[in-house]
Amino acid sequence: MIKAVDIVKASLRAGWAALCPKQDSDGHDADAQTLVPIRSLGPHQCHRIGAHLLSLNAADRYLRFGYAVQDAQILHYVDGLNFERDEVLGIFDRKLTLLAVAHLAYGQTYRSRGCAEFGVSVISRARGRGYGAGLFDCAAMHAVNQGVDTLLIHALTENIAMLNIARAAGARVVRDGAESEAYLELPQATLNSRIAEIVQANVADMDYRLKRQAKLLRDSLTT
Ligand SMILES: CC(C)(COP(=O)(O)OP(=O)(O)OC[C@H]1O[C@@H](n2cnc3c(N)ncnc32)[C@H](O)[C@@H]1OP(=O)(O)O)[C@@H](O)C(=O)NCCC(=O)NCCS
């Protein structure tokens with residue numbers, strides 16, 4: 001049985017990890033933007049997910065979906081998102097525009113083991129801030145807590161940024177010509193991983209509510 005004291009310790013550790021920037025070996029902040037509120041998205045955010053994907057240019061759409069996807073196909077993809085089964089994660093700016101969206105598709109199998117497939121996009125003006133890697137880490141945490149063994153990333157071999165993210169997390173990359181697949185073996189869920197997910201969701205929820213209030217206020221002042 002889990003002791004209450006262990007839950008409190010795990011909550012404190014997860015809260016500390018979520019709220020404090022990582023430090024390098026000299027004790028300096030390694031990344032001043034470590035705290036990135038990542039929110040789990042639901043069907044009511046479909047219009048924002050659609051707007052995000054439609055804003056990607058042709059090259060980015062090709063990298064994201066593996067083919068030259070047209071507007072109608074993007075809308076069809078968004079319509080078909082299964083929010084009950086899958087996890088869709090997003091990062092909002094202060095106007096509640098989705099800067100980045102990740103889709104963690106459950107129900108896949110790899111060598112008869114439980115597998116989830118990860119896909120992500122970050123709009124061009126928000127790249128290089130760690131959002132792609134942050135969404136990957138967050139998706140891996142969700143997958144761990146769902147008891148999934150392997151995270152699968154299907155990417156074009158030319159997609160250095162995506163493959164860097166996967167490699168940095170310890171994934172094994174298998175190249176097959178123009179396409180590559182990365183497999184990240186996941187550890188078992190722990191009390192820490194479960195509490196980290198709850199803390200992360202609460203931080204993202206608070207951030208979203210504040211942004212929504214501020215947006216409502218701004219909108220009311222400009223009308
Ligand atoms: C791939 C993508 C999600 C990366 O998003 P991002 O937020 O810019 O990535 P991050 O800032 O987290 O960077 C992650 C790593 O990739 C590296 N990287 C980012 N862009 C790079 C580039 N153009 N070339 C080489 N490396 C790059 C970063 O240096 C970082 O590595 P580091 O931690 O060792 O410094 C983004 O470029 C994108 O949306 N591309 C179009 C869609 C796509 O390719 N999706 C992936 C297919 S599923």
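## Exercises on a predicted protein model

In helix H2 (residues 46–54), the buried residues are Ile49, His52 and Leu53; a residue is buried if 20 or more other C-beta atoms lie within 10 Å of its own, exposed if 12 or fewer, and partly exposed in between, with C-beta atoms placed from the backbone. The model is predicted: local features need pLDDT of at least 70, side-chain atom pairs count only at pLDDT 80 or more, and totals for chains, interfaces and linings use all residues. Residues are numbered from 1 along each chain as its sequence is written. Helices (H or I, at least four residues) and strands (E, at least two) are DSSP runs, numbered from the N terminus.

**Exercise 1.** Determine why Ile49, His52 and Leu53 lie on the same side of H2, and which exposed residues the face turned away carries.

*Solution.*
1. Ile49, His52 and Leu53 cover an arc of only 90° around the axis, which puts them on the same side of H2. The arc is that of the directions from the helix axis to the C-beta atoms.
2. An α-helix has 3.6 residues a turn, so residues three or four places apart point the same way.
3. The face of H2 turned away from the buried side carries the exposed residues His47, Ala51 and Leu54.

**Exercise 2.** Describe the shell around the ligand by its residues and their origin.

*Solution.*
1. There are 22 residues around the ligand, and Leu63, Arg127, Gly132, Ala133 and Ala161 come nearest; a residue is near if its C-beta atom, placed from the backbone, lies within 6 Å of the molecule.
2. At least two residues each are supplied by helix H3 (58–65), strand S4 (113–122), helix H5 (131–145) and helix H6 (160–168). The largest share, six residues, comes from H6.
3. By class, the shell has eleven nonpolar, seven polar and four charged residues. Ala, Val, Leu, Ile, Met, Phe, Trp, Tyr, Cys and Pro count as nonpolar, Asp, Glu, Lys and Arg as charged, and the others, Gly among them, as polar.

**Exercise 3.** State at what angle H5 and helix H7 (residues 191–222) pack and how far apart their axes are.

*Solution.* H5 and H7 pack at an angle of about 130°, with axes 9 Å apart; axes are lines fitted to C-alpha atoms, for helices over the stretch in contact, and angles run from 0 to 180 degrees between N-to-C directions.

**Exercise 4.** Locate Asp205 and classify its exposure.

*Solution.*
1. Asp205 belongs to helix H7.
2. Because 13 other C-beta atoms lie within 10 Å, Asp205 is partly exposed.
3. Asp205 and Ile38 are 167 residues apart in sequence, yet 8.7 Å apart in space, C-alpha to C-alpha.
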